[in-house]
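Thanks for sharing this one. Here are my notes as numbered points, to read with the model open beside you.

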Amino acid sequence: MLQRPSRAVCAAAAATAALLVAGLSGPASAGTAGPGDTPAGLSAVDTLRPDAAPPALLRALERDLGLDRHEARQRLRNEAEAGATAGRLHHTLGTDFAGAWVSGATSGTLTVATTDASDVPAVEAAGARATVVRHSLADLGRAKARLDRAASHDTALDAPVRYVDVRTNRVVVEALRPSAARDLIDAAGIEPALTRTVRSTERPRPLYDLRGGEAYYINNSSRCSIGFPVTRGTQQGYATAGHCGRVGNSTTGYNRAAQGTFQGSVFPGRDMAWVATNSSWTATPYVRGAGGQNVQVTGSTQAPVGASVCRSGSTTGWHCGTIQQLNTSVTYPEGTISGVTRTTVCAEPGDSGGSYISGSQAQGVTSGGSGNCSSGGTTFFQPLNPLLQNWGLTLKTTTGDPGDPGDPGDPGGTWAAGTVYRAGDTVTYGGATYRCIQGHQAQSGWEPPNVPALWQRL
């Protein structure tokens, strides 16, 4: 966990301070729309608007991923189309699906894994590279769930990180000692062929320390970072990390002015919270970028494994990296959290709770990790969509308030703006049925017929 203690408590907390940090296709033309998708030719790039990425984000991608400006833009376009292609293939392959990831400097290659060789033509027809593996994503997910259930607080501290690695088709256990990983695998009763042990010296910890990435202070003591401004009805506030504060804790802003109160907080288990602010603070659709510039947030569509992602925090500012694994479990000294995303982005104390964004799409809030922004490290973020869904919050975006359906012409159906949809969910709209292919929070303008990158007509 990455929370920054105040100067008054630094000496006492130094020994235990937590470090709170701690769908893929080829080129854009490879995306394919399912039968009935409208309007014709509308792509994921049109929907997710990666070309609208601000200069500050592009500069961070160039610096941290070794890209030039053209490559950074192309990477964002490819990743937008890749997520939609992977989502469609996930549902086409069904139980054979074993994961997907992008690769290459500009994410120009989408690889989709399947357990059935007969699926290869369908994968290749969609513009992706196919690989045939032994274990389905569902099988690996069940194995990881058994590891999580077997991981007690004491036994998991030496094997603190567990995740499904779709690239190697294994459940990976990162451990300080190989024997700790073996003990955990044995306790879970998992077939050894499903697992891979990686020796690591890292001991992830939370990152302690209304624009995303700005500092705030808890009970006039420790410091964390704002994740994303949100609303719940007329109440304004922001999403952040659960380990930063408990329900009832008060907050002050970066300027030490009275700000708000924690309304909900979950940690461990998950690492998510939200703060309701007073009338002096206004939610904006921005994250604080390099040099204090505004980075616009337009939605919360989940990025795929291998995609670029950038983080804003009140200690280290803007840094970028890539998404390594989704649905990771990690054991901190305070307990285990599950469902976080593992990344290569660096962070330091005080960055906790801050914003992770891919292109213009909000991804999550900084949880914990290891290392720093001098030597690098591994960091984890709590995905945003489950946080929004848990408390009925609406992400503030540049396209208006997702909680306000606007006037879609009263088409009828079950789709509703402001609802968080997961891949596989089905809705009706205008007399047709659609299936969600990428997790996101719905908003006005993103009605299913208009966004084939997010919905497939059945």
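1. The 25 residues of α4 should span 36 Å at 1.5 Å a residue, and the end C-alpha atoms are indeed 36 Å apart, so expectation and model agree. The expected span is 1.5 Å times one less than the number of residues. Helices here are DSSP runs of H or I with at least four residues, strands are runs of E with at least two, and both are numbered from the N terminus.

2. A word on what you are looking at: this is a predicted model, in which local features need pLDDT of at least 70, side-chain atom pairs count only at pLDDT 80 or more, and totals for chains, interfaces and linings use all residues. Residues are numbered from 1 along each chain as its sequence is written, and side-chain values use heavy atoms, with hydrogens and water left out.

3. Back to α4: 18 of its 25 residues are buried, where buried means under 20% relative accessible area, exposed over 50% and partly exposed in between (1.4 Å probe, protein chains only). At its N-terminal end, Asp68 acts as a cap, with a side-chain oxygen 3.2 Å from the backbone nitrogen of His70. After the helix comes Gly94, with a positive phi near 60°.

4. Which residues touch the most other members of the largest nonpolar core? They are Leu57, Phe228, Trp318, Leu384 and Leu387, out of 30 residues. Elements giving two or more residues to this core include α3, α4 and α9. A nonpolar core is a set of buried Ala, Val, Leu, Ile, Met, Phe, Trp, Tyr and Cys residues joined through side-chain atoms within 4.5 Å. Another core, of 23 residues, lies apart from it and has Leu147 and Val305 among its members.

5. Do look at β26 (residues 432-436). Ala432, Tyr434 and Cys436 point to one face and are buried, whereas Thr433 and Arg435 point to the other and are not. Strand β25 runs antiparallel to β26 and is joined to it by four bridges; Val427 has Tyr434 as its bridge partner. β26 also pairs with β28, again antiparallel, over three bridges, and there Arg435 stands opposite Gln456. Strands pair if DSSP finds at least two bridges between them.

6. Finally, some backbone spots to check. Most residues other than glycine have a negative phi, and most peptide bonds are trans. Asn169 has a positive phi near 60° and counts as buried because its relative accessibility is 3%. Arg256 has a positive phi near 70°, but at 42% it counts as partly exposed. The peptide bond from Phe267 to Pro268 is cis, with omega near -5°.

Note on methods. A polar contact is a pair of N or O atoms within 3.5 Å; within protein, one must be able to donate a hydrogen and the other to accept it, and residues adjacent in sequence count only if both atoms are side-chain atoms.
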